[in-house]
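Load the model in your viewer and keep the sequence panel open. The stops below each give a selection and what is there.

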Amino acid sequence: MAPFRPGAEVEYYVEYYTDVLVNAVEFDRVSKSYCIYEAPGDRLRELAFFGRRSLHREFQALRELSFSVRRGEVFCIIGENGSGKSTSLQLIAGILQPTSGEVRVSGRVAALLELGAGFNPEFSGRENVYLNAAILGLTKREIDRRYPLIQEFAEIGNFIDQPVKTYSSGMAMRLAFAVAVNVDPEILLVDEALAVGDAYFRHRCMRKVQEMRARGLTIIFVSHSMADVKAIGDRVLWLRGGEPLAIGAVDAVVQKYLSAMTEPVHESNPDPKPVASAESIPNIDRRHGSGAAEILGIALLNEFGEDLHLMTPDSTITVRITFRAARALDEPGVGFMLRNHLGLDFAETGTPAEGQPLASLKAGEKITVDFRLEIPELYPGSFSFSPWVKDAFEICDFIDNAITVQMARSEGPVYGYVQWPCRIELNTLLHSQLHDSELHNAELHNGKEARVG
Ligand SMILES: Nc1ncnc2c1ncn2[C@@H]1O[C@H](COP(=O)(O)OP(=O)(O)OP(=O)(O)O)[C@@H](O)[C@H]1O
Ligand SMILES: [Mg+2]
């Protein structure tokens with residue numbers, strides 16, 4: 001008989017219990033396939049064949065994905081469209097089941113999924129609050145106590161008693177968020193939810209997320225905004241095609257992701273179009289900088305990636321700038337100044353200003369960055385673009401007046417520099433209020449006089 005070795009068993013239990021305590025969510029070789037039917041009626045037709053004929057093909061959204069989320073961390077999931085982020089969250093929320101593998105979740109989950117999923121459109125907001133909270137395991141008394149908080153946080157006024165189908169997506173999201181943060185979840189899932197709603201609401205939500213983070217809640221946050229991920233994340237999982245490309249500390253993974261996104265032609269691009277390069281500089285009026293980087297080209301492109309000859313209102317254009325690092329750049333930034341036909345500085349933007357920092361570059365590395373701009377109705381003069389590259393605050397290269405384009409004439413006249421979209425209404429409310437307060441003041445005044453007299 002083998003001699004008794006107490007150490008081995010103790011070790012086993014310690015390992016087992018710390019795992020259970022430390023991890024809020026575990027994915028163990030999780031795959032998820034969807035059935036894709038070519039025609040809308042194929043699903044029914046297939047049922048009619050009782051499995052003798054298959055009319056679908058399988059699409060694998062997640063492939064043998066393993067990762068774990070520690071209790072109390074803010075875990076972000078990033079990746080391009082269709083990479084499997086929402087699918088992962090829906091598996092954690094229990095809305096979907098994995099095709100194979102295992103998803104383990106320990107703790108009460110509140111989920112903020114795309115477009116306030118989880119509400120019944122026929123029921124009122126109030127009824128949905130009660131339903132939702134009950135599903136999350138709250139008793140009627142607990143919900144009664146929290147209801148005023150939820151109502152206040154949602155700020156949707158009388159709509160709370162209207163059916164949810166009458167809500168805008170922003171209103172549905174407000175209500176979903178109000179429920180999610182007020183039911184004491186242990187795990188909060190947020191899927192791009194904050195993109196909906198106005199800036200004030202977004203601020204309030206982010207503050208709440210920070211509060212929940214400080215209280216030690218586990219938060220799983222899906223976002224396309226690297227600025228948000230950097231602001232709140234502890235660790236990041238980067239998915240591509242349902243597989244992990246990287247997992248780890250925020251800075252390292254975000255940097256890898258950003259540098260992959262700024263590669264001129266993406267390796268996983270399903271339909272690589274001929275990419276107009278930015279390898280020439282049409283004009284140089286003046287050039288200065290430390291020389292730590294060199295601008296190699298600038299191009300203006302239309303929606304179809306062709307050279308742009310005329311800007312039209314409401315179109316989207318791309319300003320493409322290519323540069324090479326002459327030495328290692330720790331904090332590279334690229335951007336441009338836009339001048340109008342009078343040579344006046346009209347607008348300026350760049351990667352630092354847009355909150356899209358670039359990954360550091362090694363000497364000799366070359367990258368291309370695209371800026372997409374929505375063109376408003378501008379005064380129909382010509383515009384000139386002057387690109388720059390910086391390393392932190394050091395100007396490495398600046399080219400004055402590198403490329404110009406003409407703004408097309410719009411239907412109406414443009415006074416000043418830009419036709420600013422605006423709606424005009426007569427303010428009857430303020431007028432009647434003024435009238436009331438004037439009367440009130442007059443009464444006070446009369447009263448005072450009466451007393452004095
Ligand atoms: N119900 C479904 N039926 C079939 N395919 C689906 C279904 N839901 C998702 N998919 C596919 O699975 C893949 C992953 O989708 P998912 O929604 O998880 O991506 P995502 O990373 O959240 O993308 P996005 O950034 O656009 O929100 C996509 O290719 C998508 O087309
Ligand atoms: Mg998604």
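Two strands pair if DSSP finds at least two bridges between them. Helices (H or I, at least four residues) and strands (E, at least two) are DSSP runs, numbered from the N terminus. Residues are numbered from 1 along each chain as its sequence is written, and chains are lettered from A and ligands numbered from 1 in the order in which they are written. The model is predicted: local features need pLDDT of at least 70, side-chain atom pairs count only at pLDDT 80 or more, and totals for chains, interfaces and linings use all residues.

**Stop 1: strands 1, 2 and 4**

Select strand 1 (23–37) and strand 2 (56–70). The two run antiparallel and are joined by 11 bridges. To see one pair, pick C35, which lies opposite E58 of strand 2. Now add strand 4, residues 100–105, which pairs with strand 1 in the antiparallel sense over 5 bridges. Here E26 faces R104 of strand 4.

**Stop 2: ligand 1**

Keep strands 1 and 2 shown and centre on the ligand. Which residues surround ligand 1? They are Y34, I36, F59, A61, G79, N81, G82, S83, G84, K85, S86 and T87, where a residue is near a molecule if its C-beta atom, placed from the backbone, lies within 6 Å of it. Strand 1, strand 2 and helix 3 (85–93) are the elements that give two or more residues to this shell. Helix 3 supplies the largest share, 3 residues. Coloured by class, the shell has 4 nonpolar, 7 polar and 1 charged residues; Ala, Val, Leu, Ile, Met, Phe, Trp, Tyr, Cys and Pro count as nonpolar, Asp, Glu, Lys and Arg as charged, and the others, Gly among them, as polar.

**Stop 3: helices 4, 5 and 6**

Select helix 4, residues 125–135, together with helix 5. They pack at an angle of about 125°, with their axes 11 Å apart; axes are lines fitted to C-alpha atoms, for helices over the stretch in contact, and angles run from 0 to 180 degrees between N-to-C directions. That angle makes helix 4 oblique to helix 5 (under 35 degrees counts as roughly parallel, over 145 as roughly antiparallel, 65 to 115 as roughly perpendicular and the rest as oblique). The crossing of helix 4 and helix 5 is right-handed, that is, the near helix is turned clockwise from the far one by less than a right angle. V129, Y130, A133 and A134 of helix 4 meet I143, Y147 and I150 of helix 5, contact being C-beta atoms, placed from the backbone, within 7 Å. This contact has 7 nonpolar, no polar and no charged residues.

Next, hide helix 4 and show helix 6 (residues 169–182) beside helix 5 (residues 140–154). Their axes come within 8 Å and cross at roughly 140°, which makes helix 5 oblique to helix 6. Select R146, L149, I150, F153 and A154 in helix 5, and R174, L175, A178, V179, V181 and N182 in helix 6, to display the contact. By class, it comprises 8 nonpolar, 1 polar and 2 charged residues.

**Stop 4: the sheet 11-13-16**

Finally, show the open sheet of 3 strands, ordered 11-13-16 with antiparallel pairing. Strand 11 (293–301) and strand 16 (366–374) are at the edges with a single partner strand each, so one side of each has no neighbour in the sheet. The twist averages 20° from one strand to the next. Strand 13, residues 316–325, is joined to strand 16 by 9 bridges and to strand 11 by 8 bridges. Pairs to label include T322 with T368 of strand 16 and A299 with R320 of strand 13.

Key: Contact = placed C-beta atoms within 7 Å.
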